[in-house]
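Work through these short exercises with the sequence and the model in view. Try each task before reading its solution.

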Amino acid sequence: MSARLGFGVSGPHGASWFSEKKLARLVAQAIDGGIRHFDTAPFYGEAEARLGRALASIGAKGVIVSTKTGTRRDGLGFAKDFSADAIRADVEGSLRRLKRDALDMLYLHG
């Protein structure tokens, strides 16, 4: 499968001020419009969990999901950790939040 155009589920989509119902509608509309690649990151607030719930609620099949590892919030700033243990923990958390058995792509964030 080749995805030439993706949908970034980033910071605003994971923020409390952005309606989760609106995000679910956007994801459904994107799929209806032919989008098959969705990208997110644990760094983007609740974006991963919201994307996971949106994809599960519409029974999305055949989509590519990518996320990121290595950058996390640390108080008001952020921290970098690309150790094997940190990457493993990020992937396990992402799989749980995204409601997936596997990731299609994993980016090193930053």
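**Surface and charge**

The protein chain has an accessible surface of about 6400 Å², and carbon and sulfur atoms hold 54% of that area. Such areas come from the Shrake-Rupley method with a 1.4 Å probe; for residues, only the protein chains shown count as cover. This is a predicted model: local features need pLDDT of at least 70, side-chain atom pairs count only at pLDDT 80 or more, and totals for chains, interfaces and linings use all residues. Residues are numbered from 1 along each chain as its sequence is written, and side-chain values use heavy atoms, with hydrogens and water left out.

**Exercise 1.** State what share of the residues in the protein chain is buried.

*Solution.* Start with the cut-offs: buried means under 20% relative accessible area, exposed over 50%, and partly exposed in between (1.4 Å probe, protein chains only). Then apply them: 37% of the 110 residues are buried.

**Exercise 2.** List the order of the elements in the protein chain.

*Solution.* Helices (H or I, at least four residues) and strands (E, at least two) are DSSP runs, numbered from the N terminus. The chain has three helices and six strands. From the N terminus, they run β-α-β-α-β-β-β-α-β.

**Exercise 3.** Place Gly 11 in the fold: where is Gly 11 found?

*Solution.* First, locate Gly 11: the loop between β1 (6-8) and α1 (20-32). Next, check its cover: Gly 11 has 30% relative accessibility, so it counts as partly exposed. Last, look along the chain: Ala 47 is 36 residues away from Gly 11, yet their C-alpha atoms are separated by 6.8 Å.
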